[in-house]
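Welcome, and thanks for taking a look at this one with me. Here are a few notes to read alongside the picture.

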Amino acid sequence: MSLEIPQGDGKPSFHRGSFVDEIEHAQKDLVDSLHDSESHNESPSVSSSDGSVPTLSPTQSATPSTPPSEPISPPGDLVADSFAFAFDIDGVLIRGGRAIPEAVEAMKVLNGQNEYGIKIPYIFLTNGGGKSEAERCKDLSKQMEIDISPAQFICGHTPMSEMATKYGTVLVVGGEGEKCRQVAESYGFKDVVTPGDIIKHNSATTPFRKLTPEELANSRERDFSNVTIDAVFVFADSRDWAGDLQIILDVAMSKGGRLGTTSETFDEGPPIYFSHSDVLWSAAHNDPRLGMGALRGIVEYTFKEVTKGKTLTTHAFGKPQIGTFEFATRLLRRWRKNEHNLDSPPETVYFVGDTPESDIRGTNQYNAKAENDWYSILVKTGIYQEGTEPAYKPRNTVNSVLDAVNFGLKREMEKKAAKNTLPLEAFNRASKPRLTDLPNWLLDNSDCAVLSPAEERALTLTA
Ligand SMILES: [Mg+2]
């Protein structure tokens with residue numbers, strides 16, 4: 001299955017009202033800004049440290065080879081063409097719903113407030129979710145005090161949008177109220193059932209969960225004797241683990257997704273997808289809290305218990321899945337082109353995260369396959385605990401995301417200086433120290449961005 005974002009008239013299956021619109025708006029803005037700059041200032045000039053006056057249009061890319069001592073004015077007219085950043089959010093930029101102060105400063109550095117006066121392209125890649133990308137970007141924009149576009153944002157369930165046309169009726173689990181149903185429908189899923197709909201139909205489904213009056217009003221009336229659930233998607237963290245576990249198991253043990261039936265062989269249930277597999281995440285509490293990966297483990301464990309030994313294979317999107325990083329690569333390519341007019345891929349992408357098992361593991365595994373250099377940086381503001389050894393080793397560990405951005409910027413400037421004295425070929429070798437061959441199926445086999453647990457185990461063995 002292609003993970004490409006459809007363009008123009010063929011756009012309905014992907015992020016209607018968000019990505020495609022954003023990209024079209026970005027293109028229009030770009031044309032407008034080019035037009036404005038031509039009419040207002042025929043040759044915008046940028047002063048450099050040696051006093052020369054190179055002529056650069058606002059959309060021209062450049063990484064200065066000689067760092068100036070003073071910020072170039074105005075900041076942000078120059079764009080770093082050889083590198084970019086990708087950020088995890090929880091534990092890196094946000095903790096307990098609040099901005100980590102260094103993150104706000106880091107965003108300023110990325111947007112041109114640095115000693116070189118350059119803008120650095122960046123995207124966000126979080127396993128979290130439960131809201132539309134546009135809604136989440138609105139919140140994040142407020143917290144980071146900058147404008148963040150859905151066209152530079154991927155959350156755990158974003159890649160699920162590419163499966164919208166593959167299934168008819170789907171059960172969508174997790175999140176607040178009706179939010180995830182709405183997100184799924186905005187992705188193009190045609191018929192979305194929630195646990196609330198099932199409980200409304202038969203309140204005995206979950207003995208200890210009663211719908212609130214609001215849930216009862218929002219849940220949809222339907223006759224489930226005629227419904228076949230073709231797939232289960234856990235979009236966001238469950239707000240009622242026991243009830244959702246019961247309903248997921250009922251579907252998993254059914255004959256082909258028909259509620260009220262029980263398979264004799266327990267291998268007829270529809271596929272079950274989780275938007276990520278993080279067992280722990282960094283919330284407001286001092287210690288990490290349980291996440292969706294824990295529910296995934298409980299679903300698989302309980303299925304085995306109640307079927308007397310049958311194995312349930314579920315699937316997960318999100319980091320560390322290779323497909324999610326591939327998706328991020330395509331998003332970054334489009335963002336750099338539409339926002340910054342950069343056509344070629346960056347030589348280096350710095351990925352900044354707080355979770356070794358998803359952020360660092362995923363970045364390192366993807367780097368082994370990617371053509372450019374994906375450089376993992378672990379920050380200490382999230383689930384990292386001082387004095388512990390991460391299970392997956394980052395290439396650098398720093399205190400905060402601000403340190404990570406400053407580190408990457410400094411490293412790139414040093415590389416740039418070295419590049420000017422070394423033959424290009426030698427530089428390319430130096431910047432990508434080691435490539436490990438991974439089986440081709442990692443990138444070629446899947447019709448979606450998921451791996452089964454068995455594939456994950458195989459991947460762990462080869463990594
Ligand atoms: Mg995190």
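1. Let's begin with strand 16, residues 373-379. Six of its seven residues are buried, so this strand is largely enclosed by the rest of the structure. Please keep in mind that we are looking at a predicted model.

2. Which strands does strand 16 pair with? One is strand 15 (residues 348-353), which runs parallel to strand 16 and is joined to it by six bridges. If you would like a spot to find on screen, V349 has W374 of strand 16 as its bridge partner. Between these two strands the chain passes through helix 10 (residues 356-369), making a right-handed β-α-β crossover.

3. Another partner of strand 16 is strand 17, residues 396-398; these two are also parallel, with three bridges between them. Here L378 is bridged to T397 in strand 17. As general background, the strands of a sheet are held in pairs by backbone hydrogen bonds, in either a parallel or an antiparallel arrangement.

4. Helix 10, the connecting helix, deserves its own look. Its 14 residues span 19 Å from the first C-alpha to the last, close to the 20 Å expected at 1.5 Å a residue. Is helix 10 enclosed or open? Eleven of the 14 residues are buried, so helix 10 is largely enclosed by the rest of the structure. Among those buried residues are P356, D359, R361, N364 and Y366.

5. Now turn to an earlier part of the chain, where five strands form an open sheet in the order 9-8-10-11-14, paired in parallel. Its edges are strand 9 (191-193) and strand 14 (315-316); each has a single partner strand, so one side of each lacks a neighbour in the sheet.

6. The partner of strand 9 is worth tracing too. Strand 8 (residues 169-173) pairs with strand 9 in parallel through three bridges, and T169 has D191 of strand 9 as its bridge partner. Lying across strand 8, strand 9 and strand 10 (231-234) is helix 4 (residues 179-187), which runs at about 140° to strand 8.

7. Finally, step back to the whole chain. How many helices and strands are there in the chain? There are 14 helices and 17 strands. Of the 463 residues, 43% are buried. Looking at contacts between residues at least 6 apart in sequence, 69% bring together residues at least 24 apart.

Note on methods:
Residues numbered from 1 in each chain as written. Predicted model: local features only at pLDDT ≥ 70, side-chain atom pairs only at ≥ 80, totals over all residues. Buried ≥ 20, exposed ≤ 12 C-beta atoms within 10 Å, placed from the backbone. Helix = DSSP H or I, 4+ residues; strand = E, 2+ residues; numbered from the N terminus. Pairing = 2+ DSSP bridges. Right-handed = clockwise from strand over helix to strand, strands pointing away. Contact = placed C-beta atoms within 7 Å. Expected span 1.5 Å × (residues − 1). Axes fitted to C-alpha atoms, helices over the stretch in contact; angles between N-to-C directions.
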